[in-house]
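Hi,

Here is the structure I said I would pass on. Have a look at it first, and my notes follow underneath.

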Amino acid sequence: MTKLLEIHDLQTQFHTRDGIAKAVDGLSLSLDRGEILGLVGESGSGKSVTGFSILGLVDPPGRVAGGRILFDGEDLVAGGEKAMKKLRGKRIAMIFQDPMMTLNPVLRIDTQMVETVQAHADVSRKAALARARDALVRVGISSPDERLQAYPHQFSGGMRQRVAIAIALLHEPDLIIADEPTTALDVTIQAQILSEMQALCAQSGTALIWITHDLAVVSGLADRLAVMYAGRIIEEGTTAGIISKPMHPYTKGLIESVPQGKEHGTLLRQIKGMTPSLLKLPEGCKFAPRCPRADAACKPEPPLEERETGRRVRCVHPHTEPLAEEAAPT
Amino acid sequence: MTDTPVIEIDDVSKRFTRHLDIAERTANRLGAGIKEQTVHAVDGVRLNIRGGEVMGLVGESGCGKSTLGRMVAGLSEPSDGRILYRGQDRSAMSRAEARNAALKVQMVFQDPMSSLNPRLRVRDIVGEAPQVHGIVGRREVAAYVEDILEQVGLDPSTAKRYPHQFSGGQRARVGIARALAVKPDFIVCDESVAALDVSIQAQVLNLFVRLREEFELTYLFISHDLGVVEHISDRIAVMYLGRLVELGAAEDLLKQPNHPYTEALVAEIPTFETEKRIYSAIKGEIPSPLNPPSGCHFHPRCPHAHERCRKEVPVLKEVAPGRLSACHLNDEA
C-alpha cells in the first residue's frame, strides 16, 4: 500500500529584496494512514511553511520551487490549483493557530459550515446542516443548535478553535494539518483540545501533522517526531526514541531548555546564540555556530542519515557517539 | 532582610465599570433600565512579598493577574484596599517620596514591541529615565547605558539601534534593561517570556535568575505557564477569576496541590512523554468575569463541588504551615 503522504526534496522559497529565503530546503517526509506526526521547530524553522506547501497555500512572493508532494500517490505540486481544490477541505484539512483565519467574522457559523459541506458533497441544505450539527457535537460544543446560529465573535477563543476543528472534520479527511492550534489557548483549554483531537483521530483513523514549537505538548500525542531547523529536518524518529535519547545537539538543547522537571531555581542549559536569518545561513551544518560539539568536520553539510531503524539524524557528531576528547581516557 | 515585606497587597480590589453612553442614558430616562456593567478584575487579594523572593502568580487569561501586577507597579490605582511598599502606603506619601518609591518598583512587559517606543534608539529608551530622575548625569549616561546593556547580555554597540532591528529575545532584554536602569529593587514581570521560542526563553529565564542574585531583586513573576513559574519562583500564588485560590511554596504546591483548580493546572503542565498520554481535561471554560458564578467561582468546573460551594464564598485560610487555600473541602476533611 502506498503511504498517505510522501514529500520528496521539497523546496519552498520566498523572493525578497535582499535575496531568496529558502524557508524549506530539501525536506523529505512520509506519513502513514492514521499516523500522528509532530513537526517541531522554533520560529523561522520552516514548519508552518511546510504545512502551507502541502495544502498549496503558499502565496507570492513565496513559491514551491521544487520537489514532489505525493498524497495517496497523486502529485500535488504537479497537479496545480485545480487538483488541489478537489482535495482541500475534503481529504486534507488544515487547522490554523488563529481560528479567525478559518472563520469569516461576518457570517454565521451555520452558513460557513453548510458552505463547506456543499462544496464537496451534493447534499441538501437540511442534510448539510445536520452534518454540521453532528460535527459540533463531536468536538464537545454544548447546545449546538443555538451555536450554529451564532457569529464567530460570540464565541470564546477555545470555542472558536473547536468550531475550526469541527469544520476541518466535516468531510472526515484522511489528513489534518494542525498549525499550532493550541498555542494561543489557556492550559486547561489546551488539554481539552488535545484530548478531543486524540479521540477523534483514533476514531476516524485520520492522520495528523501537528506543527508546534513546544516539544512537551506534542510528545504525549504524536507517534513520530520530526525536528526542523533552518528549513530542514535535523532529526526524525519515534517520539519515545527522540525524547529519551535525542541524537542531534539541537534536539537535546531544545529538551533541556524546557524548565519542567529541572531542579528549581537553577540555571537552565541553554543553546547559545539565536536562530540564523534564512538569508544569511552559515556554510555547512546550519546549527554549527550554536553547537557545543561542532568542529571542522561540520563544514560540509551533513546529510540526513539513518542512524538506527526509523531514526534519521543530520549530524556528524550525534550524542550517541562520544567526541574524540570525550572518548580519550582521562 | 527585614521582616517588613517589600510589597504588601492589602485586600486590594479593582473594578472596571463601563459607563453608559448617551443613547443608553436617554433610553434610561425613558425607563429602559439599562445597568452599568462592572467587572471585578481583582477581588479582595491579600499577598505579602518578602524581600529577595520570587513570587510566581499564575492563572488563566482573564483571572486578573496582569491587573494585579499593574497595580503593584503603580500603573493603575486599586479601587479598594492598599498596596504598601516597605510598609508605607504610596498614596499617603509626599509627591517626592511617592516618586522615589515608584521608581523602586519597575515592570517588564510581555510584548516588547508594544512597550518600547519604535521611534527611539535603545540608548534613549534605556537612558531617558535615569537621566530624568537624576540617577546619572547627562555626561555619564552613555557609559551607564552601555554598562546596563552588557549586564543584560546585549552588545553595547547596539545602543544606537531602534527596537525593530532586534530579534524577539533581544527586545525582551532591552525591556529588562530599561527596567533595571532606574535601580529598582522590585520587578513585576508580566508574561515576560511568553512570546519567546523555547531556546530563547531559557536564555531570558537564566538572565532573570542571574540579575536577581546580582542586584538583590525581588520579583513578582506573572505567567500562565506553571512550568516556567515553578522553575523560577520560591512561592506561587494561584488566581482564578479575580480571587486568590491558593498560595504556597513552589515545589510543595506543585507536588501536593490543595485546591482542585491548582490540581487541574498542575495535571495539565505539558511534560515530556515517551508514551502516548491520555489527556483528561477539566470541563468547561473560565466563566465571564462580568457574570461570575455564585459562591466559589470555580464550582461549575470543579469535580468535587457540592451544595455549599454554590452558596458560600470560601475563605483563604491556612491549611498547612505557609500554605493558604480557599476551598470548602478543607473544612470537611
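**Where the chains meet**

In this predicted model, 39 residues of chain A are in contact with 38 residues of chain B. On the chain B side, four helices each put in at least two residues: H8 (198–215), H9 (226–232), H10 (250–255) and H11 (260–267). H8(B) gives the largest share of that side, with 9 residues. By residue type, the side of chain B that touches chain A splits into 15 nonpolar, 13 polar and 10 charged.

H11(B) deserves a second look while you have the interface on screen. Its buried residues are Pro260(B), Tyr261(B), Thr262(B), Ala264(B) and Leu265(B). What do they pack against? From chain A there is H7, and from chain B there are strand S3 (54–58), H9, strand S9 (235–240), strand S10 (243–249) and H10. So that you can place the partner from the other chain: H7 of chain A covers residues 187–204.

**Around S8 of chain A**

That same H7(A) leads into the next part. Together with S7(A) and S8(A), H7(A) makes a right-handed β-α-β unit. S8(A) runs over residues 207–212, and 6 of its 6 residues are buried. Which residues sit on each face of S8(A)? Ala207(A), Ile209(A) and Ile211(A) are on one side, with Leu208(A), Trp210(A) and Thr212(A) on the other; all are buried, and both faces of the strand are covered.

S8(A) has these strand partners:

- S3(A), residues 36–40, runs parallel to S8(A) and is joined to it by 5 bridges. Gly38(A) stands opposite Trp210(A) here.
- S7(A), residues 175–179, also runs parallel to S8(A), with 5 bridges joining the two. In this pairing Leu175(A) stands opposite Ala207(A).

**The chains one by one**

Chain A has 11 helices and 12 strands. Its radius of gyration is 21 Å against the 20 Å that the globule rule gives for 330 residues, so chain A is as compact as a globular protein of that length. The C-alpha trace of chain A spans about 75 × 50 × 45 Å along its principal axes. Buried residues account for 49% of the 330 residues in chain A. If you take the contacts in chain A with a separation of 6 or more, 63% of them are between residues 24 or more positions apart.

Chain B comes to 13 helices and 12 strands. For its 333 residues a compact globule would have a radius of gyration near 20 Å, and the 22 Å of chain B agrees with that. Along the principal axes, the C-alpha trace of chain B spans about 70 × 65 × 40 Å. Of the 333 residues, 42% count as buried. Residues 24 or more positions apart make up 67% of the contacts in chain B with a separation of 6 or more.

As for annotation, UniProt (unreviewed entry) lists "domain: ABC transporter" for residues 5–255 of chain A. That span is 40% helix and 28% strand, and its end C-alpha atoms lie 28 Å apart. For chain B, the UniProt listing (unreviewed entry) gives "domain: ABC transporter" at residues 7–266. Here the span is 40% helix and 25% strand, with the end C-alpha atoms 27 Å apart.

**Backbone oddities**

Most residues other than glycine have a negative phi, and most peptide bonds are trans. A few places to check against that:

- The peptide bond from Pro60(A) to Pro61(A) is cis, with omega near 10°. Pro61(A) lies in the loop between helix H1 (47–54) and strand S4 (62–71) of chain A.
- Glu191(B) is not a glycine but has a positive phi of about 50°. You will find Glu191(B) in the loop between strand S7 (186–190) and H8 of chain B. Glu191(B) counts as partly exposed because it has 19 C-beta neighbours inside 10 Å, and 20 or more would make a residue buried.
- Leu241(B) also has a positive phi, near 50°, in a residue other than glycine. Leu241(B) sits in the loop between S9 and S10 of chain B. Is Leu241(B) buried or exposed? Leu241(B) is buried, with 24 other C-beta atoms within 10 Å.

Cheers

Conventions:
Residues numbered from 1 in each chain as written. Chains lettered and ligands numbered in written order. Predicted model: local features only at pLDDT ≥ 70, side-chain atom pairs only at ≥ 80, totals over all residues. UniProt positions renumbered as here; feature names shortened; annotations may be inferred. Rg over C-alpha atoms; globule rule 2.2 N^0.38 Å. Buried ≥ 20, exposed ≤ 12 C-beta atoms within 10 Å, placed from the backbone. Contact = placed C-beta atoms within 7 Å. Nonpolar A, V, L, I, M, F, W, Y, C, P; charged D, E, K, R; others polar. Pairing = 2+ DSSP bridges. Right-handed = clockwise from strand over helix to strand, strands pointing away.
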